[in-house]
Amino acid sequence: MRADSASSATPGRPAADPPVRVFESQATAAAAVVDEIVAVLMACRAQHRRPVLALPTGGTPVAIYGELLRRQSEGLELQDLVSFNLDEFLDLPDGHPGSYRAWMRGHFHGPAGIAPAAAHFPDAATAPADYEAAIARAGGLDMAVLGIGGNGHVAFNEPGSAPDSRTREVRIEESSRRANAGLFASLEEVPARARTMGIATLLDARALRMVAFGAAKAEIVRRALEEPPTPEVPASLLRGHRDFRCFLDAAAASRLGGAKAG
Ligand code: PGA
């Protein structure tokens, strides 16, 4: 499979087809995603406004945050970023180390120097409608960066999520709870409820960048990208967005037939 290095298309440019970009490694894919994030930061600063990003947690974005921080050490400015996380657990005590807030502080917000006031989470203290209102007040999402769950979820929009869903409380599927067990001492401790941006919240972002790594994601990536869009594979609903791109390593792309690299 050909690795794509021509990843510098103009952010915000409408895409005729959902472009799928395949890279030899996670590191090269993450660098390409970061190129696009940096282009958003630059474009927003040129317009004298703060960049507003929807950001994910999980295994997939670790390389992306690592690359952003590496570039920060070379001079990239991140401190003006306004961050809205895709989702957050309910039913955890404040400050719990398994929360996505804690994860983000450790992996990105802390080292990047992003103030807690600019790091938003759809947590128990924030009514879902207030989260949507905060995004709107910030000017809307310039870009949403997201992974895909093994069951096709995006954020915590589990299978069955409606295309017009907004920020709301959801039940976390067992497979998704298991995928999060590493954040907790045991599977029993993983909350069963979360709050998440909805599919419509994501579709309102000016750009969507979905990222998947590893062979374990290959089949759900194929379903999300190549089968008819359906709420049963929530990620497939994002293909209707005018500026949707998917960044894959070769293993995650290994079941794709129709979609071409680059
Ligand atoms: P992962 O999760 O990056 O940990 O695989 C992706 C997701 O559930 O969105």
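The lining of the second largest pocket in this predicted model divides by class into seven nonpolar, three polar and five charged residues. This pocket holds about 240 Å³ of space. Its lining is made up of 15 residues, and those nearest the pocket centre are L92, P93, D94, R101 and D123. Two secondary-structure elements, β4 (87-89) and α3, each contribute at least two residues to the lining of the second largest pocket.

The largest pocket contains about 480 Å³ of space. It is lined by 26 residues, with T57, G58, G59, H153 and N180 closest to its centre. In terms of class, 11 of the lining residues of the largest pocket are nonpolar, 13 are polar and two are charged. At least two lining residues come from each of α3 (100-112) and α5 (174-179). The largest share of this lining belongs to α5, which provides three residues. Helix α3 thus appears in the lining of the largest pocket and also in that of the second largest pocket.

The ligand occupies the largest pocket. Its surrounding shell consists of G58, G59, T60, G147, I148, G149, H153 and K217. By class, this shell comprises one nonpolar, six polar and one charged residue. G58, G59 and H153 belong to the shell and are also among the residues closest to the centre of the largest pocket.

Three polar contacts to oxygen atoms of the ligand can be described. A polar side-chain atom of T60 is placed 2.5 Å from a ligand oxygen. For H153, an N or O atom of the side chain lies 2.6 Å from an oxygen atom of the ligand. In the case of G59, the atom concerned is a backbone N or O, at 2.8 Å from a ligand oxygen. The ligand taken alone exposes 280 Å², of which 72% is buried by the protein.

Enclosed space was also examined. The count of cavities of 30 Å³ or more is one, and the largest cavity holds about 30 Å³. Its lining is formed by P56, T57, T60, P61, I64, V145, L146, G147 and V211. Six of these lining residues are nonpolar, three are polar and none is charged. T60 and G147 line the largest cavity and are also part of the shell around the ligand. T57, another residue of the cavity lining, is among those closest to the centre of the largest pocket.

How values were computed. Residues numbered from 1 in each chain as written. Predicted model: local features only at pLDDT ≥ 70, side-chain atom pairs only at ≥ 80, totals over all residues. Heavy atoms only, no water. 1 Å grid on protein atoms, 1.4 Å probe; cavity = no way out; pocket = protein on both sides within 12 Å on 5 of 7 lines; lining within 4 Å. Points joined across faces, edges and corners; volume = space filled by probe spheres on them. Nonpolar A, V, L, I, M, F, W, Y, C, P; charged D, E, K, R; others polar. Helix = DSSP H or I, 4+ residues; strand = E, 2+ residues; numbered from the N terminus. Near = heavy atom within 4 Å. Polar contact = N/O pair within 3.5 Å; in protein donor to acceptor, adjacent residues only side chain to side chain. Areas by Shrake-Rupley, 256 points an atom, 1.4 Å probe, with all protein chains shown as cover. Sits in = over half its atoms within 2 Å of the grid points.
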